[in-house]
Amino acid sequence: GFTAVAYIVSGFVDRGRYVTHDQVVQMDRAGIEIASHTVDHADMARASSGFATYELVQSKHWLESLLGHPVVDFAYPSGKYNGATIQLLSQAGYDTAVVEDGPNLHSRADRYTWGRVRVGGGESLRDFITNLGAPMPSVTLSSLDIEP
């Protein structure tokens with residue numbers, strides 16, 4: 001029931017040893033979420049406000065133009081970010097962002113610092129399960145009241 005997310009560095013697309021634009025489209029059509037990872041894999045904690053805005057907005061715009069739908073998730077390159085980066089993400093229209101070693105329990109309040117499970121493709125199923133961490137608590141809804 002998991003959905004994979006491919007964090008794409010838009011400026012690397014079609015370069016040797018990286019994905020092509022056709023592969024990005026194929027992944028999207030196959031149900032893999034396509035998310036932004038900047039234009040040039042920039043250090044967002046050290047970037048000026050103008051440069052950080054460029055990296056966030058241009059990557060998002062390029063991916064959305066390619067795919068034809070909104071791209072709302074982001075991964076900080078090398079997990080580096082600061083408070084200003086989070087504000088710029090929000091202003092650029094991103095809804096969520098992930099860090100390398102963040103919490104596995106997520107809420108809307110911390111949606112710009114969610115943890116992720118990195119999958120490189122060479123791990124065994126046992127290693128993958130271990131990397132997921134402890135099971136999250138589940139909640140059973142017995143009734144739901146929805147207003148129009």
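Biologist: In this predicted model, is the crossing of helix 2 with helix 3 left-handed or right-handed?

Modeller: Helix 2 makes a right-handed crossing as it passes helix 3. To read such a pair further, one takes the approach of the axes together with their angle: here the axes of helix 2 (residues 49-67) and helix 3 (residues 83-92) come within 10 Å and cross at roughly 40 degrees. Because angles under 35 degrees would count as roughly parallel and those from 65 to 115 as roughly perpendicular, helix 2 is oblique to helix 3.

Biologist: Which residues make that contact, and how do they divide by class?

Modeller: Helix 2 contributes S49, A52, T53, L56, V57 and K60, while helix 3 contributes L88, L89 and A92. Sorted by class, the contact of helix 2 with helix 3 has six nonpolar residues, two polar ones and one charged one.

Biologist: At what angle do the axes of helix 1 and helix 2 cross?

Modeller: The axes of helix 1 and helix 2 come within 10 Å and cross at roughly 70 degrees, so these two helices are roughly perpendicular to each other. From helix 1 the contact draws on H21, V24, V25, D28 and R29, and from helix 2 on W62, L63, L66 and L67; by class, this contact of helix 1 with helix 2 has six nonpolar, one polar and two charged residues.

Biologist: How many bridges join strand 1 to strand 2, and what is the bridge partner of A6 in strand 2?

Modeller: As a general idea, the side chains of a regular strand alternate between the two faces of the sheet. In this case strand 1 (residues 5-8) and strand 2 (residues 33-36) run parallel and are joined by four bridges; A6 has I34 as its bridge partner in strand 2, and V5 has E33. Together with helix 1 (residues 21-29), the two strands make a right-handed β-α-β unit.

Biologist: Where does V19 lie, and which residues is V19 in contact with, once neighbours within four places in sequence are left aside?

Modeller: V19 lies in the loop between strand 1 and helix 1. With those neighbours left aside, V19 is in contact with I8, F12, V13, D14, V24 and M27. V9 is 10 residues from V19 along the chain, and their C-alpha atoms are separated by 9.5 Å.

How values were computed. Residues numbered from 1 in each chain as written. Predicted model: local features only at pLDDT ≥ 70, side-chain atom pairs only at ≥ 80, totals over all residues. Heavy atoms only, no water. Pairing = 2+ DSSP bridges. Right-handed = clockwise from strand over helix to strand, strands pointing away. Axes fitted to C-alpha atoms, helices over the stretch in contact; angles between N-to-C directions. Parallel < 35°, antiparallel > 145°, perpendicular 65-115°, else oblique. Left-handed = near helix turned anticlockwise from the far one by under 90°. Contact = heavy atoms within 4.5 Å. Nonpolar A, V, L, I, M, F, W, Y, C, P; charged D, E, K, R; others polar.
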